Amino acid sequence: MSEENDDYLEFLNEIGLTVKQMSDAAAVSTWKDCDSETVQVGCSEIHGQGVRAKVDLAPSESIPAIHQGQWTQWGRFMNHSKYPNVKPVGNIQNIALVPLQEIGKGSEVLVNYRDMLACLK
C-alpha cells in the first residue's frame, strides 16, 4: 500500500467514511461541465480518473472546483495527495484550485482533501 493511499484512508477515517461510502457518493454526484484550455480529466496513477494539465500551469492560474455551489468536473475528479500541487481557495460557494508551483503539461493535478474540507466549512 502506498503512502498516498495510507493518507487517503487516514483522511476517510478522520471524517468517518469508508472507501465504499466515498466511492458511492462520488458515483452519484453531479457536476457542472466546464470547458478548459488548461486541464482535462484523464487516467490517474493514483486512482481511476484524475485531472491532468493540458499545458504548463503557473501559480497565477486557477482551476474551478466549485462554481456557484456546484462541483465542476475538475473538483469531482481531483484526486487526494498527502503532497498536493494545488491548494483550494474560497468558500462553499466558489472554490478555486491554485497551483503551489508550476505544474508541467501532462502532470496530474492533486489536492489534499483536508484542505478542501476546510474550505467547505
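Leaving aside neighbours within four places in sequence, which residues is Asn 112 in contact with? The legends below take up this question after an overview of the model.

**Figure 1. Overview of the predicted model, with the confidence of its elements.** The structure is a predicted model, and its protein chain averages a pLDDT of 87, with 92% of the residues scoring at least 70. Among the elements of the chain, the highest mean pLDDT, 96, belongs to strand S8 (residues 108–111), whereas the lowest, 75, belongs to helix H2 (residues 19–28).

**Figure 2. Close-up of Asn 112, in the loop between S8 and H4.** Asn 112 is in contact with Asp 7, His 80, Ser 81, Lys 82 and Pro 84, once its neighbours within four places in sequence are left aside. The relative accessibility of Asn 112 is 9%, and because buried means under 20% relative accessible area, this residue counts as buried. Pro 88 lies 24 residues from Asn 112 in sequence, and the C-alpha atoms of the two residues are 8.7 Å apart in space.

**Figure 3. Close-up of Val 111, a residue of strand S8.** With a relative accessible area of 1%, Val 111 is buried. Not counting residues up to four places away in sequence, Val 111 touches Met 78, Asn 79, His 80, Ser 81, Pro 84, Val 86, Pro 88, Leu 97 and Met 116. One of these contacts, His 80, also stands opposite Val 111 in the pairing with S8. Asp 7 is 104 residues away from Val 111 in sequence, and the distance between them is 12 Å, C-alpha to C-alpha.

**Figure 4. The open sheet of 4 strands that contains S8, in the order S1-S2-S8-S5.** The pairing in this sheet is mixed, and its edge strands are S1 (39–43) and S5, each of which pairs on one side only. Strands S1 and S2 (residues 49–53) run antiparallel and are joined by 5 bridges, with Cys 43 standing opposite Gln 49 in S2. The pairing of S2 with S8 is also in the antiparallel sense, over 2 bridges, and here Arg 52 stands opposite Glu 108 in S8. By contrast, S5 and S8 pair in the parallel sense, over 2 bridges.

**Figure 5. The two covered faces of strand S8.** In a regular strand the side chains alternate between the two faces of the sheet. In S8, Glu 108 and Leu 110 lie on one side, Val 109 and Val 111 lie on the other, and all four are buried, so that both faces of the strand are covered.

**Figure 6. A second view of sheet structure: the open sheet of 4 strands with the order S4-S3-S7-S6.** The pairing in this sheet is antiparallel. Strands S4 (70–71) and S6 (86–91) stand at its edges, and because each has a single partner strand, one side of each is left without a neighbour in the sheet. Strand S3 (residues 63–67) runs antiparallel to S7 (residues 94–99), and 3 bridges join them; S3 and S4 likewise run antiparallel, joined by 2 bridges. Ile 66 takes part in both pairings, with Ile 95 as its bridge partner in S7 and Trp 71 as its bridge partner in S4. S3 and S4 form a hairpin with 2 residues between them, and Gln 68, in the turn, has a positive phi of about 50°.

**Figure 7. The largest pocket, with a volume of about 900 Å³.** Of the 32 residues that line this pocket, the closest to its centre are Tyr 8, Met 22, Ala 26, Met 78 and Tyr 113. The elements that give two or more residues to the lining are helices H1 (3–15), H2, H3 (73–76) and H4 (113–120), together with strand S5 (79–80). By residue type, the lining divides into 19 nonpolar, 11 polar and 2 charged residues. For reading this view, it should be kept in mind that H2, one of the contributing elements, has the lowest mean pLDDT among the elements of the chain.

Notes
Residues are numbered from 1 along each chain as its sequence is written. This is a predicted model: local features need pLDDT of at least 70, side-chain atom pairs count only at pLDDT 80 or more; totals for chains, interfaces and linings use all residues. Side-chain values use heavy atoms; hydrogens and water are left out. pLDDT is the predictor's confidence in each residue, from 0 to 100. On a 1 Å grid over the protein atoms alone, a cavity is a set of points where a 1.4 Å probe fits but cannot get out, and a pocket is an open set with protein on both sides within 12 Å along at least five of seven lines; lining residues have an atom within 4 Å of a point. Grid points are joined across faces, edges and corners, and a volume is the space filled by probe spheres set on the points. Ala, Val, Leu, Ile, Met, Phe, Trp, Tyr, Cys and Pro count as nonpolar, Asp, Glu, Lys and Arg as charged, and the others, Gly among them, as polar. Buried means under 20% relative accessible area, exposed over 50%, partly exposed in between (1.4 Å probe, protein chains only). Contact means heavy atoms within 4.5 Å. Two strands pair if DSSP finds at least two bridges between them.
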